[in-house]
Amino acid sequence: MNTVYVDNNATTRVDPAVVEAMLPFFSEYYGNPSSMHAFGGNVAKSIQTAREQLATLINATPEEIVFTSCGTESDSTAIWATISSIPDKKHIITSRVEHPAVKNLYEHLAKKGYKVTYVPVDRQGRLDLDYFHANLSEDTALISIMWANNETGVIFPIDEIAQAANERGIILHTDAVQAPGKIPVDVQKNHVDLLSLSGHKIHAPKGVGALYVRKGTKFTPFLIGGHQEHGRRGGTENVAAIVGIGKAAELAAANLGSSMTEVARLRDRLEQGLINNVEMAMVNGDTTSRLPNTTNISFEYIEGESILLMMNELGICASSGSACTSGSLEPSHVLRAMGVPFTAAHGSIRFSLSHYNTEAEMDYIIEKMPPIIERLRHLSPFWNQGKPDESMFTGAECPI
Amino acid sequence: MWEYTDKVRDHFINPRNVGTIDDADGVGEVGSLACGDALKLTFKLDDDKRISDARFQTFGCASAIASSSALTEMIKGLTLDEAAKVTNDDIAQFLGGLPKEKMHCSVMGRDALEKAIAHYQGQTVPKKEGEIVCECFGITDLEIRRAAQENHLKTIEDVTDYVKAGGGCGNCHDRIGEIIAEVRGKPLAVKSQPKVLTNVQKIRMIEETLDREIKPALNQDGGDIELVDFDQNTVYVRLRGTCSTCAASQVTLKSYVETKLKELVSPELVVSEVTQ
């Protein structure tokens, strides 16, 4: 059975050119980049090349790039580095729809005495900018707002947020792991101070990430140790993976143009195909400002894990915002923040494409999904003769 | 990805007895759309008052569907008294086990069955009583207590896995912890009787304990032990090797061998050495 992989916001296939670039660093060039000898020194040069490649992707300078082990480390570093550097201010701002890498750290800081403002989103997942502006204060140390949402693909107005932050001298961190290679990311146009990246979202391997730190930004290392990364991140470099993320960054920049237009075309074909062929299916998120590769569709009155496992039987790999898939008991905090009704939140499926996907794959999904949905609705007590039926279960309601 | 057994997968992909029985004798509905799972169970009785048909409709994940399907298979042919004895663990066992985070699916099956039986017997489904502990999922102390007792739950996480309580905001974790402590400290009135073992069972367990626990320890010091006889809770053993000449052998016998056997087999045992 062929695998149809439409879960690229979870992780991506490592590009063969990236693998090829990495391989020599496992066998031939195994030197330590910190060593005095040329055998290690040459490896340091390869890291520098990767730093340049990554800087080019986001229009930064190489010295502003710190390599990390993953997106989560980049987020943690950005947040801890800032609040340790600005110990007097005790107010921090984030959105209600951040990835757990940011969300859970902010919740942790709230318990430690920080005043946290969670900026809400509307039904389309758009940030409430009035609320954001109204809550900026003299005591605000840090703002963490993601560039684009991993579940819905909705893109946030980072330029407007950056302007407001800059005017008040507040540090702005953005978790941008879903953006590069899909939409232009330019730290000169959008004046952010700290920006998190992840390798495995852009066809590099897992286990490598990067943090952009604008020149002049106050910074305290998160991993304290050796002098690596100009004293900003201790620990011997994961050389092969860093070479990989550099190569992937170069390819991502090249992919932005026609290749992403094609991905968007395939995404739209899939989305339209599903909406037209399945009753009571709806798209979650603002379709006018969205990553070109992502669509989040709710199939009402059925549950996401069941849908995913039925899809799995046919080789189709996607994700769901349902409670059951995460091991938590509540559906996606993103969809809940958007006010998506429970009838739809539990049955939401995220399809996220890459340039490896084909039109034939989209048509395969469009063909296979309607029977899956029909079958599960046939099993559902909330669906009766082709229509929703909520007449039962009037008793215990679950208030979440 | 969850580790589902082949049987769970089979009952999910090929669910048995889907639908509703129009002139059902018993109907049980549990769960809600908001909670993310719900089950409607209907059954029909034959002239002998046995369940001749059972059907389900489920909104939920694969294990919820599989648990419901399994339940309908399990109760067909049973009298209501027999069906009433089906536990959530029976449902999980029937499926070859469920991931522990999914045990609440089996609890949902059991709850629907109870409601359906109560419905047949003309009892109004008992309104939830007790204090609401978990506000997110509307779970009472009584439900938590019952799940904790029946399934020997030890942690808050266990309780969440079985009845969802504590799986939302987390504000009730302290209270759940207290309930678990109460349940564990103060065993149920109907707690299972201490097991009565037959002599044959005792001998087998004594032999196992000697082989697994005691002999390896004695062997390390060049000693050994052999079971000679068992009568009226007295275990007759013969010490061998260095043990047979060791001055401390009586201490070994009482403070080690007897203690182990009392702990692992039965508290009434007494050990006696056969010297010959």
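The paragraphs below lead through a predicted model of two chains, from their contact to the cores, a sheet and a single residue.

Because the model is predicted, local features need pLDDT of at least 70 and side-chain atom pairs count only at pLDDT 80 or more, while totals for chains, interfaces and linings use all residues. Residues are numbered from 1 along each chain as its sequence is written, and chains are lettered from A and ligands numbered from 1 in the order in which they are written.

Where the chains meet, chain A contributes 31 residues and chain B 29 residues, two residues being in contact if their C-beta atoms, placed from the backbone, lie within 7 Å. On the side of chain A that touches chain B, at least two residues each come from helix 11 (304-313), helix 12 (323-326), helix 14 (342-345) and helix 15 (359-379); helices (H or I, at least four residues) and strands (E, at least two) are DSSP runs numbered from the N terminus. Helix 11 of chain A gives the most to this side, with four residues.

The largest nonpolar core, a set of buried Ala, Val, Leu, Ile, Met, Phe, Trp, Tyr and Cys residues joined through C-beta atoms within 7 Å, has 170 residues. A residue is buried if 20 or more other C-beta atoms lie within 10 Å of its own, exposed if 12 or fewer, and partly exposed in between, with C-beta atoms placed from the backbone. Helix 9 (residues 239-255) of chain A supplies the largest share of this core, ten residues. Among the residues with the most contacts inside the core is Ala165(B), which, residues up to four places away in sequence not counted, touches partners including Val133(B), Phe137(B) and Ile176(B).

In chain A, four strands form an open sheet in the order 9-10-13-12, with antiparallel pairing; two strands pair if DSSP finds at least two bridges between them. Strand 9 (281-284) and strand 12 (319-320) of chain A each have a single partner strand, so one side of each is left without a neighbour in the sheet. Strand 10 (residues 294-299) and strand 13 (residues 348-352) of chain A pair over five bridges, and Ile297(A) has Ile349(A) of strand 13 as its bridge partner.

Finally, Arg55(B) lies in strand 3 (residues 51-59) of chain B and counts as partly exposed because it has 19 C-beta neighbours inside 10 Å. Neighbours within four places in sequence left aside, Arg55(B) is in contact with residues including Asn17(B), Thr42(B) and Thr72(B).
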